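Visitor: Could you pick one part of this model and take me through it closely? I'd like to see how it sits beside its surroundings.

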Amino acid sequence: MTGFLFAAGVYLLLHKSFMKLIAGVILFGNACNLFLLITGGLVDSHPAFVSGNDGAVPLDNMADPVPQAFILTAIVISLGVQAFVIVLLKRIYQTSHTNNLDALTDTDDV
Amino acid sequence: MLFYKRVNIQRAVVLISTVIALISGVKLVKVLAREEFLTMQVGGWEAPFGITLFVDRFAGLMIAMTALLAVSASLFSFSDSVMPTRKKQIGFYPAFMFMLAGISGAFLTGDLFNLYVWFEVMLISSFVLITLGSKKDQLQGGIKYVIINFIASSFLLLAIGILYGTTGNTNLAALAESLRDPALQTVTQLAAVLLLASFGIKAALFPFYFWLPASYHTSPIAVMAIVAGLLTKVGVYTMIRTFTLLFPLQQYHYLQVFILIISSLTMLMGVFGAIAQRDIRKVLAYNLISKIGFIVYGLAVYTPAAVAGAIFYTLHHMLVKTNLFFVVGIIGKARGSYRVKDINGLYDHFPRLSFLFFVLALTLVGIPPFSGFWGKFMLVDAGLSVYDYRSVALLLIVSLLTLYSMMRIWGKCFLTKFDTRLEQLVTERVFMKEYYQVYIASVFLFLVTLWISFSPSWLIEYTQRAAEQVLTPSGYINAVMQR
């Protein structure tokens, strides 16, 4: 499912319509967070394991809290970025009167 | 932010705090001349569980340089010519301070996830800075900048996920240790590539640099100056840190070759872009990209001499680029435009400015005896010592082309006669009196550049010791893990 989210997110990010861009940002951000969930080994029926040499022995069925902290932070940060992108796109729509990224070429003059 | 509309108080706070930061930064550099590392565990949690704050000589130098640029940028922005008061009122200084906090944090941290957090702080503040004022092209440049950098941060996050999932820690020192294990290396190489992509986007390497010329020149010149000097350098710093500590390029030879190729292409593409531009801000933006290529080339060669050259060049470039942007800001104010065809006769009217520009342009290109020469010499010397003749030849050709791009500006803007059809603007004396802050800022940085140029030996030696530190990760690991 995460892979699907990534694919959808990237696909939408590459669009020129603002709405799809925003949707892409949101999906891509969520996909990243879910990815952290997976690599952190957090599956509901599986006890978390910690590889590496720190020697800690996890209790049975204990989930590793650290990637959860990462995900929380990342969710908050991506929320901030999403909010910013949405407002930015709204302002661009107001000033440039277009919904089309390809039309925003004012910065490309030599 | 407490004094939201009262710019004067904001100015005072910013100036005082950046000066304090500068004093601390210089002290840090001095202390690190004696000691090897400085570490601190946040909250008293032991490494590798807690977050380590870690400074080695390279980080110390970067922090000091950041503070220096911060002081001069705040001086520069005091003048209303380059940053109208209304813009200052809507939150320039808070965003500026946040960005500096993020940058310093990124230099100080010893934990990869903490790095992500500081990157985001820095990034979001830079979003605000670049789009401050909401003019049409700012917003357009802004959206390109935002989306691409958001993707870069996401790559960093993904890399963190992979690294944590396979090794169980994000502390850089502990990661470095865990990554020595050859069993993990097949998976973690994915993380290495993701990190390369992420930091490469941030640092504006080929083929990731296209956001930079699209967005940097749209922001107010004071913002552009500070952002150009700092943000890409954070990308470069983290790249050097990653590929010496976590994925040392000796082990990952294919990465080394790849980075070598990318950096060479960056050098070349950057300067080609610079030659083509007719807006002097964009010329400087493309030259910035080209110089980033030089610095990463130093990383790719991976000898102590090369990395020392890269560090030296980074510092010199931060100084000179920001200063050039200051000068360009003055030009823009003096002539009302940044396009080459609109600007003429600057040598006649603004002799002191012309002097500043000329010397800075020479420094950027690398003409002796200025600091660019020392940096370039170190890089060329290192390249030759590994018999990499192609890249060194490329480096020298690119320098020549850089010279051409700067001299184009010099010839077209400075040496031409003033077009008397245009309205006669003020003489330099009057201009200087009214906009003295920008001159002070520029001259301040200029003096530092001159100092480095004419007595480079302490800095060369310091960067060599910094490079040795950077290239011996065991020192880093021991320093952190034994706390």
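Guide: Happily; here is a walk along some helices of chain B, with a short look at chain A at the end. Please keep in mind that this is a predicted model, in which local features need pLDDT of at least 70, side-chain atom pairs count only at pLDDT 80 or more, and totals for chains, interfaces and linings use all residues. Residues are numbered from 1 along each chain as its sequence is written, while chains are lettered from A and ligands numbered from 1 in the order in which they are written.

Let's settle on the packing of α12(B) (residues 304–335) against α19(B) (residues 457–471). Helices here are DSSP runs of H or I with at least four residues, strands are runs of E with at least two, and both are numbered from the N terminus. The two axes are 8 Å apart and meet at an angle of about 120°; axes are lines fitted to C-alpha atoms over the stretch in contact, with angles from 0 to 180 degrees between N-to-C directions. That angle makes α12(B) oblique to α19(B), since under 35 degrees counts as roughly parallel, over 145 as roughly antiparallel, 65 to 115 as roughly perpendicular and the rest as oblique.

From α12(B), the contact takes Pro304(B), Val307(B), Ala308(B), Ile311(B) and Phe312(B). Among its partners on α19(B) are Leu459(B), Ile460(B), Thr463(B) and Glu468(B). Contact means C-beta atoms, placed from the backbone, within 7 Å. By class, these contact residues are 11 nonpolar, 2 polar and 1 charged (Ala, Val, Leu, Ile, Met, Phe, Trp, Tyr, Cys and Pro are nonpolar; Asp, Glu, Lys and Arg charged; the others, Gly among them, polar).

Now to α11(B), residues 280–301. Its 22 residues reach 32 Å from first C-alpha to last, close to the 32 Å expected, a span reckoned as 1.5 Å times one less than the number of residues. Because 22 of the 22 residues are buried, α11(B) is largely enclosed by the rest of the structure. Buried means 20 or more other C-beta atoms within 10 Å of a residue's own, exposed 12 or fewer, and partly exposed in between, with C-beta atoms placed from the backbone. Tyr302(B), with a positive phi near 70°, follows α11(B).

In α10(B) (residues 253–276) sits Ile261(B), which is partly exposed, with 13 other C-beta atoms within 10 Å.

Finally, chain B meets chain A through 36 residues of its own and 34 of chain A. On the side of chain A, α3(A) gives the most, with 15 residues.

Notes:
Two residues are in contact if their C-beta atoms, placed from the backbone, lie within 7 Å.
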